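The following paragraphs offer a guided reading of a protein model. The reader is invited to keep the sequence and the coordinates at hand while following the text.

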Amino acid sequence: MEKTVALELKNITKTFGEVVANKNVDLELYRGEILSLLGENGSGKTTLMNMICGIYFPDEGEIFVGGEEAVIRSPKDAFALKIGMIHQHFKLVDIFTAADNVILGEHMPRYSVKEEGKKAIAAANGFKPVKPAEKILWGLKLGLKLSALPFIKIGKKIKFDYLAKSRTRKITEISSRYGFDIDLKKKIYDMSVSEKQTVEIIKVLYRGAEILILDEPTAVLTPQEIDKLFAILRRMRDDGKSIIIITHKLNEVMAISDRVAVLRKGEHIATVNTAETDEKALTEMMVGKKIDLNIERAEPNDVKDRLTVRNLTVINRDGMKALDDVSFTARSGEILGIAGIAGSGQRELLEAIAGLQKTAGGDILYFDPNKEDAEVDLMQKTPVEIRDLGVRLSFVPEDRLGMGLVGNMDLVDNMMLRSYTKGRFVFVDRKNPKELAEHIVHDLEVVTPGVRTPVRKLSGGNVQKVLVGREIAAAPTVLMAAYPVRGLDINSSYTIYHLLNQQKEKGVAVIYVGEDLDVLIDLCDRILVLCAGKVSGIVDGRGAKKEDIGLLMTKLTGKEADGETKEAAL
Amino acid sequence: MFLTFLKNAIRFSTIFLFGSTGETITEKSGHLNLGTPGIMCMGALGGCVGESLYLKSIGGDYAAIDGFSAVVIGILFAMLFAGLGGLIYGFLTITLRCNQNVSGLAITTFGAGVTNFFINYVDRNGFNYLAAKFTAPVSQANDWFSTIFLSHGALVYLAIVLALVVAFIMKKTRTGLNLTAIGENPATADAAGINVTGYKYVSCVLGSGISGIGGLFYIMDYLYGSWEYSIDAMGWLAVALVIFSVWKPNWGILGSILFGALYILPYYTNFSFAIQEIIKMIPYAVTIIVLIITSIINRRESQPPAALGLSYFREER
C-alpha cells in the first residue's frame with residue numbers, strides 16, 4: 001500500500017521553566033497505521049502529544065498535518081485538523097447519556113444568509129423573463145425567497161437546537177461501523193471504565209477525527225477489554241485512520257502497533273518497525289545506558305525485620321485491584337526502593353501502610369525495636385491509632401502541599417501538624433515547633449525569608465526539605481518517601497539522598513519510591529518492582545541491571561524474577 | 001372561603017416561581033446566586049422606576065394608562081435593574097472568581113439597601129391605578145374553575161409559561177444540554193468547544209432578570225402598588241424552592257403553590273399566634289426534608305449541579 005504521511009513533527013522542543021520536556025523531536029505518522037509511543041515516566045510522551053492536540057504550544061519546531069504546516073493553538077484547532085485525543089482522565093459529563101456526551105458542544109453547520117442570497121440570485125439569473133408581467137412575478141418570487149432566508153436560518157437553528165429522538169442515528173452508524181458495543185442511552189455514571197473509554201472514542205470519531213491519539217488507554221482495562229479495544233483500533237486502522245497509542249506495556253506494543261517510536265528523557269531515540277524488533281531491544285532503547293551518580297551507599301548493618309507486608313490487596317474506587325497480593329519485608333538499616341511505572345500501586349501501598357487507605361485483605365506487621373518479638377498489626381488502623389500504638393512511622397507523601405504540608409500556613413504551624421496535641425490545657429505549644437523549624441532551616445539550608453513564611457511561597461526543593469526535615473525530626477523507625485526528589489534540582493536531590501542515607505545508618509527502615517532507575521540502583525539496598533499492582537520482582541540494589549528492572553516494570557520475565565524474589569525474601 | 005384560599009395561594013406562589021425559575025437558570029450554570037433576595041428587591045425598584053417614568057410620560061393622566069404598555073414597561077425595567085445586579089454578581093464570580101457565597105450575600109445586602117434607599121425618591125403616586133392593570137383578571141366568572149385559575153393578572157400566567165419554557169429548554173434543547181454540562185463539568189464543556197464564560201454570563205444576567213420580575217409582581221400585583229420592605233424574605237424562600245424542586249422549573253410550579261399556600265394559610269385559620277408562626281416555618285422545614293430525601297435516594301439526576309459553587313479556571317488542571 002502506498003504510504004502517505006498524515007502527521008509530521010519536525011524539531012519539536014518544549015521546556016517548562018528549566019525542565020526540558022521535549023528536545024528536537026522528529027516524528028512521522030502515516031495514514032492507516034498504528035504507531036506506539038514508548039518511554040519511561042517523564043520521558044515526554046504526553047507533553048509531545050499535548051502539543052499535537054493543542055493543549056501546549058511548542059517552543060520550537062513545526063508540525064505538518066497532511067503535508068501542510070499547521071499551527072495548533074487550542075483543542076479547537078486540533079479538531080479542525082481532524083486530530084482527536086483520548087486522555088487518560090475522561091472528559092465526560094456523568095449525568096448525561098452516552099449519546100448526549102457525544103453530541104455535546106457540536107456546532108450547527110454554517111448557514112450564511114448573505115451567501116444563500118447570492119446563490120438564490122445566481123440561480124434566478126439563469127431565467128430570462130420576456131413579458132413584463134413575468135418580470136414582476138420573477139422579481140416578487142426572488143424578493144420573497146430572499147426575505148425568507150433569515151427565517152429559514154432561524155428555523156434551522158431551532159431545528160438544530162431541538163434534541164429530537166433522531167440524535168442517536170449518526171452515532172449508531174459510527175458505532176456499528178467499528179463494532180462498538182455500547183448502549184447509547186446509558187448514563188455515564190452507570191458505565192464501567194471501558195464503556196466510558198468507548199464513549200470517548202466515539203466522541204472523537206463523531207467529530208470526524210482522522211488522527212487519533214490514545215494516552216495509555218489500556219492502563220485501566222481488563223485483558224478482555226484490551227482485546228476488544230485492539231480489535232476496534234485495528235478496524236479503524238483498516239479504515240484509513242492514523243492512530244498513536246501511548247503505552248508502557250511492551251507486550252501490547254508488540255501486539256498492536258505497526259511501528260514503535262521510543263522517547264527517552266525528552267528525546268526521540270528511534271522509530272522502528274515492530275516486526276523487526278523485539279521486547280528486549282525496545283527495553284534497552286527505553287531505559288538507555290546506566291549512568292553512575294556517585295551516591296554514597298553504606299553497607300547496611302544490624303539488619304532486622306521491621307515491617308512485613310503479607311498478601312496485601314487493595315481495591316480502588318473503580319473496583320480494580322490497585323494492589324494484588326503484595327508481600328515484602330522492610331528491614332532496619334536498609335533502603336528498600338520501590339520501582340514501577342506510575343500508577344502501578346505505589347501510592348496505595350504507602351497509604352495502606354500509613355493507615356490512609358482501606359485495604360481488602362492481607363497483613364501489615366510492625367516489629368518494635370525496643371520489644372523483642374512483639375508484633376503490632378497495623379491493618380485498618382487510622383494514623384492516630386498507629387501513633388498511639390507507639391509505632392514511629394513517618395510518611396513523606398507524593399503530594400507535598402496537599403497531604404504533607406498546608407501551603408497557607410507558615411513553617412512553625414506546619415511543624416505543629418505533628419505536635420498539636422502537645423501543650424498545656426487548651427493552649428498549644430509553639431515554642432518547640434518554632435525551635436524545630438529554625439533547626440530545619442539551619443541544618444538543611446532551607447532558603448526562606450523566615451520561619452513565619454507560608455510554605456506555599458517556597459520553591460519545590462525547599463518545601464520538600466521542610467517536609468522531610470519534619471518527618472525525620474519525629475525520630476522514625478520506618479520512613480516512607482514517595483518521589484521525594486520529584487521536581488527538585490540536582491543539589492536539592494542530593495541533599496535528600498544524603499538525608500535518607502543518614503536515616504538508614506541510624507537504623508531506620510527506609511522505603512523509597514522513585515522513578516529514576518539510576519537513582520534507585522545507586523541508592524537502594526534492595527529494589528522491589530511493582531507492575532500493575534503486583535510484585536514482579538525484588539532485586540538487589542548492588543549489581544542490579546537497569547534493563548532487568550525495566551523488563552520487570554513492564555512484566556516480561558516475571559517467572560524468573562519470582563524465583564529470585566523468593567530467595568531474597570527467605 | 002376555600003376557593004379564595006386556593007386562588008390566593010396560586011397568586012402568592014408567583015413571587016416564588018419567578019425567583020426560583022431565575023435562580024434555577026443561574027444555578028444550572030454552576031453559580032449559586034445567594035443574591036436572589038437582593039436581586040428581587042432591585043427588580044421591584046426597577047419596576048417602580050419604570051412605572052413612575054411611564055406615568056410621567058403620559059402626563060399623570062391615570063385614565064390614559066394602557067394596560068399592555070404598563071405591564072411590559074414594568075417587566076422590562078424590573079429585568080434591567082435585576083439583570084444589572086446579576087451582572088455585578090457575574091463579574092465578581094465569573095471574571096474575578098470570587099467566592100460565590102460571599103459575593104451572593106453581598107449582593108443581597110447591597111440590593112436590599114439600595115432599594116430601600118432609592119425607593120423613597122421614586123414618585124409612587126397613581127400606582128394603585130397601575131396595579132389595577134396588573135391584577136386585571138382574565139375572566140370574572142364566578143364558577144370554581146374561573147375563580148381558581150382565571151382570576152389572575154397577566155404576570156401569574158407569565159410565571160407559569162416561563163417555568164414551562166425553561167424546563168423545556170433545559171430538557172429538550174442543545175442550549176439546555178450545554179448549560180447543564182457547564183454546571184456539571186465546566187472543563188469538559190470547555191474541551192467540547194462550548195463558550196463557558198458566555199453561557200455563564202448570560203445565565204447569571206437572564207436568571208437574575210427573571211427573578212427580578214418576582215419583585216415587581218410582589219409590589220404591583222400582590223400589594224396593589226403599595227410598598228413593603230419584605231421582598232428579601234420572599235427571595236430566601238425562592239432559593240429554598242430551587243432545592244425543593246430539585247432544579248426543575250416545572251416541578252417548581254407545584255412547589256411554589258405549596259409554598260404559597262403554607263405562607264398564607266395562617267390568615268385563613270384561627271390558630272394561635274404561635275401555631276401560625278410555626279406554619280410559616282414549614283416551607284423551610286420541607287426544604288430541609290427534601291434535601292435529606294434526595295441525598296438518601298442519591299439519584300444522580302436529583303443532585304445539585306456537580307460544579308455548583310466552584311469557580312472555573314481553564315489553566316487549572
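At 63% relative accessibility, A:Asp238 counts as exposed. Its salt-bridge partner is A:Arg237, with the closest N and O atoms 3.7 Å apart. A:Arg237, in contrast to its exposed partner, is buried, with a relative accessible area of 18%. These values, like every other value discussed here, are computed from a predicted model.

The pair is one part of a wider set, for a search of the whole structure yields 28 salt bridges over all chains. Another of them joins A:Lys241 to A:Glu210, whose closest N and O atoms are 3.5 Å apart. This contact links distant parts of the chain: A:Lys241 sits in the loop between α8 (223–238) and β8 (242–247) of chain A, A:Glu210 sits in the loop between α7 (193–206) and β7 (211–215) of chain A, and the two are 31 residues apart. The two residues also differ in their surroundings. A:Lys241 has a relative accessible area of 8% and is therefore buried, whereas A:Glu210, at 27%, is partly exposed.

A further salt bridge is formed by A:Arg526 and A:Glu334, with 3.0 Å between the closest N and O atoms. Because A:Arg526 belongs to strand β19 (residues 526–531) of chain A and A:Glu334 to strand β13 (residues 334–340) of chain A, the pair ties together parts that are 192 residues apart in sequence. Here both partners, A:Arg526 and A:Glu334, are buried. Salt bridges also occur as a network, which links A:Glu299, A:Lys504, A:Asp525 and A:Arg542.

The overall organisation of chain A gives these contacts their setting. The chain contains 20 helices and 20 strands, and 50% of its 570 residues count as buried. Along the principal axes, the C-alpha trace of chain A spans about 115 × 65 × 45 Å. The domain assignment divides the chain into domain 1 (5–95 + 187–287), domain 2 (113–161), domain 3 (305–392 + 476–569) and domain 4 (404–474). Between the C-alpha centres of domain 2 and domain 4 of chain A the distance is 77 Å.

Strand pairing may be followed from strand β11 (residues 305–315) of chain A. This strand pairs in the antiparallel sense with strand β12 (residues 321–331) of chain A over 7 bridges. One point of contact is A:Leu307, whose bridge partner in β12(A) is A:Ala330. The two strands form a hairpin with 5 residues between them, and A:Gly319 in the turn has a positive phi of about 80°. β11(A) is also joined by 5 bridges to strand β14 (residues 361–367) of chain A, again in an antiparallel arrangement. In this second pairing, A:Thr313 has A:Gly361 in β14(A) as its bridge partner.

Which residues of helix α6 (residues 169–177) of chain A are buried? They are A:Ile171, A:Ile174 and A:Ser175. These residues cover an arc of only 95° around the axis, so they lie on the same side of α6(A). An α-helix has 3.6 residues a turn, so residues three or four places apart point the same way. On the face of α6(A) turned away from the buried side are the exposed residues A:Arg169, A:Glu173, A:Ser176 and A:Arg177.

Positive phi values also appear in residues other than glycine. A:Asn24, for instance, has a phi near 45°. A:Asn24 is found in strand β2 (residues 19–30) of chain A and is partly exposed, with a relative accessible area of 39%. A:Glu216 likewise has a positive phi of about 45° without being a glycine. Its place is in the loop between β7 and α8 of chain A, and at 17% relative accessible area A:Glu216 is buried.

Another loop residue is A:Ser419, found between α14 (411–416) and α15 (431–443) of chain A. A:Ser419 is buried, with a relative accessible area of 15%. The C-alpha atoms of A:Ser419 and A:Asp429, which are 10 residues apart along the chain, are separated by 8.1 Å.

Finally, attention turns to the surface, where residues of chains A and B make up a nonpolar patch of about 420 Å². Its members are A:Tyr162, B:Val161, B:Val165, B:Phe168 and B:Ile169. Of these, B:Ile169 lies in helix α7 (residues 154–172) of chain B and is partly exposed, with a relative accessible area of 33%.

Technical notes. Residues are numbered from 1 along each chain as its sequence is written. Chains are lettered from A and ligands numbered from 1 in the order in which they are written. This is a predicted model: local features need pLDDT of at least 70, side-chain atom pairs count only at pLDDT 80 or more; totals for chains, interfaces and linings use all residues. Side-chain values use heavy atoms; hydrogens and water are left out. A salt bridge is a side-chain nitrogen of Lys or Arg within 4 Å of a carboxyl oxygen of Asp or Glu. Helices (H or I, at least four residues) and strands (E, at least two) are DSSP runs, numbered from the N terminus. Buried means under 20% relative accessible area, exposed over 50%, partly exposed in between (1.4 Å probe, protein chains only). Patches are made of residues with over 30% relative accessible area and no salt bridge: like charges are joined within 9 Å, nonpolar side chains (Val, Leu, Ile, Met, Phe, Trp, Tyr) within 5 Å. Accessible areas come from the Shrake-Rupley method with a 1.4 Å probe; for residues, only the protein chains shown count as cover. Domain bounds come from an automatic or database domain assignment. Two strands pair if DSSP finds at least two bridges between them. The arc is that of the directions from the helix axis to the C-beta atoms.
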